Amino acid sequence: MTTTSEATFQHLLASRAKLMRPGGGPGGGQKPQYSLSGGYPDPGSFPFDELVQATARMMQEEGAEALNYGEAQGYLPLRELICRKYQHFEGLEIGPENVLIANGSSHALSLAFSAFVDVGDAIICEAPTFSGTLNTIRRHGADVHTVPVDGDGIVTSAVREQLAALRVEGRSCKLIYTLPNFHNPAGPTATLQRRQELIALAHEFETLILEDDAYGELRFEGEPLPSLYALDDRGVVIRSGTVSKILGAGMRIGWLVAPAPLVPYLQAFNFGGGVAPFTSRIATYYLRDHIIEHVAQLVEIYRRKRDAMIEGLNEVLEGTDAEISQPQGGFFVWIKLPTAADPAKVAQLAREAGVAFVPGANFFPHDGGERHIRLAYSYETEEKCFEGAKAIAWAIRGAMG
């Protein structure tokens, strides 16, 4: 067996590979008793039988065409379905010419970074922000300027400060990356005022906004707010979406919604022959008949899980100065540890209790997050969300000295 050391190929790596932080996907080892780390959808929510039926129906109707290459912009009926989805859930009117299918939303976001961000270009993103996108940002070598998130979403006064400072330096911001709905990981939903202010700043400083909206349909309470894309009247917003959270992550189907003149530039970095023509058809045949009722079922499932997790946390951490997010939707709870808790001790005790979580530092482009953790209530059962929340809460208690 031939073994290869890292030194053997290190000098051959592309510059973009060297910009990445080493790391990989899930490793081996024993499965934790409580999987509260990754944002995996609920396995019990997958419509197995209906997907089998949809696949059979699709193959009967489309035959060999389903197994061939597809349209460069993506399967047209899926793009049309996405337009109807936005019209139903948001009242947003777009056409299929505005939709570009990608291999999941992370890939969709990477298309936008590839089209607009060169090494050294300035971008603005929230701190914390989605760790998966941070990997993409690092791969593109962006000069990252961070702004905080509070209970009303992205802090637009800080965005203005960063944009103004770049202008003084004679530089421009290529894009602002933001998660306005059920922020991953911090939880808040950006208010209408913050959304309007962010759009106004993008117009004033002539920059793009990249709006990441993976969870928009999964709202548990409160009224939906217009997306940044809907509020923009000058074509400066690119929006991402996905079926990963409303159907199945294994479908690997996401998309960008963009002004039609931008789509060819985004598409240039996409795969030839279209993305996932076969699974796009399966998703379309299922969702066009079931999307409204299926999303309603998911909202109930994830609302109960969120409530169970927060109940478990509060039961143990009541009386401490821990700060626990109260997301109106999505998959995650964000916790600021009590002042007296030692983060390293929390991690040790959590491992001993069989609880997997994500440390807060993973969500910050630079420094920060050491006193935060993210928990996912999406994957485990309602009962295990409650029990796992209590277990991590007792680990936090145990780390308080």
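Me: The expected span of a helix is 1.5 Å times one less than its number of residues. How far apart are the end C-alpha atoms of helix 8?
Reply: This is a predicted model, in which local features need pLDDT of at least 70 and side-chain atom pairs count only at pLDDT 80 or more, while totals for chains, interfaces and linings use all residues. Residues are numbered from 1 along each chain as its sequence is written, and side-chain values use heavy atoms, with hydrogens and water left out. Helices (H or I, at least four residues) and strands (E, at least two) are DSSP runs, numbered from the N terminus. At 1.5 Å a residue, helix 8, with its 14 residues, should span 20 Å, and this agrees with the separation of its end C-alpha atoms, which is 20 Å.

Me: Which residue follows helix 8, with a positive phi?
Reply: Most residues other than glycine have a negative phi, and most peptide bonds are trans. The residue in question is not a glycine, yet its phi is positive at about 55 degrees, and it is found in the loop between helix 8 and strand 8 (208-212). With a relative accessible area of 72%, it counts as exposed (over 50%, where under 20% is buried and in between is partly exposed, using a 1.4 Å probe and protein chains only). The residue that follows helix 8 is Glu-206.

Me: On which side of helix 7 do its buried residues lie, and over what arc around the axis?
Reply: An α-helix has 3.6 residues a turn, so residues three or four places apart point the same way. In helix 7 the buried residues are Thr-156, Ala-158, Val-159, Leu-163 and Leu-166. They lie on the same side of helix 7, because the arc they cover around the axis, taken from the directions from the helix axis to the C-beta atoms, is only 155 degrees.

Me: Which exposed residues are carried by the face of helix 7 turned away from its buried side?
Reply: The buried residues of helix 7 pack against strand 3 (122-126), strand 4 (143-147), strand 6 (153-154), strand 7 (173-178) and helix 8 (192-205), where contact means heavy atoms within 4.5 Å. The face turned away from that buried side carries the exposed residues Glu-161 and Val-168.

Me: At about what angle does helix 7 run to strand 4?
Reply: Axes here are lines fitted to C-alpha atoms, for helices over the stretch in contact, and angles run from 0 to 180 degrees between N-to-C directions. Helix 7 lies across strand 3, strand 4 and strand 7. Its angle to strand 4 is about 145 degrees.

Me: Which strands stand at the edges, each with a single partner strand?
Reply: The open sheet has 7 strands in the order 2-10-9-8-7-3-4, with mixed pairing, two strands counting as paired if DSSP finds at least two bridges between them. One side of each edge strand is left without a neighbour in the sheet, because each has a single partner; these are strand 2 (99-102) and strand 4.

Me: Which residue in strand 10 is the bridge partner of Val-99?
Reply: Strand 2 and strand 10 (residues 254-257) run antiparallel and are joined by 4 bridges. Within strand 10, the bridge partner of Val-99 is Val-257.

Me: How many residues does helix 11 contribute to the largest nonpolar core?
Reply: A nonpolar core is a set of buried Ala, Val, Leu, Ile, Met, Phe, Trp, Tyr and Cys residues joined through side-chain atoms within 4.5 Å. The largest one has 117 residues, and those with the most contacts inside it are Val-159, Met-309, Leu-313, Leu-375 and Ile-392. The largest share of this core comes from helix 11 (residues 277-317), with 17 residues.

Me: Is Leu-247 buried or exposed?
Reply: Leu-247 sits in the loop between strand 9 (237-242) and strand 10. Leaving aside neighbours within four places in sequence, Leu-247 is in contact with Phe-46, Pro-47, Leu-51, Ala-283, Tyr-286, Leu-287 and His-294. Because its relative accessibility is 4%, Leu-247 counts as buried.

Me: Which proline in the loop between strand 7 and helix 8 deserves a look?
Reply: The peptide bond that leads from Asn-184 into this proline is cis, with omega near 20 degrees. The proline placed in the loop between strand 7 and helix 8 is Pro-185.
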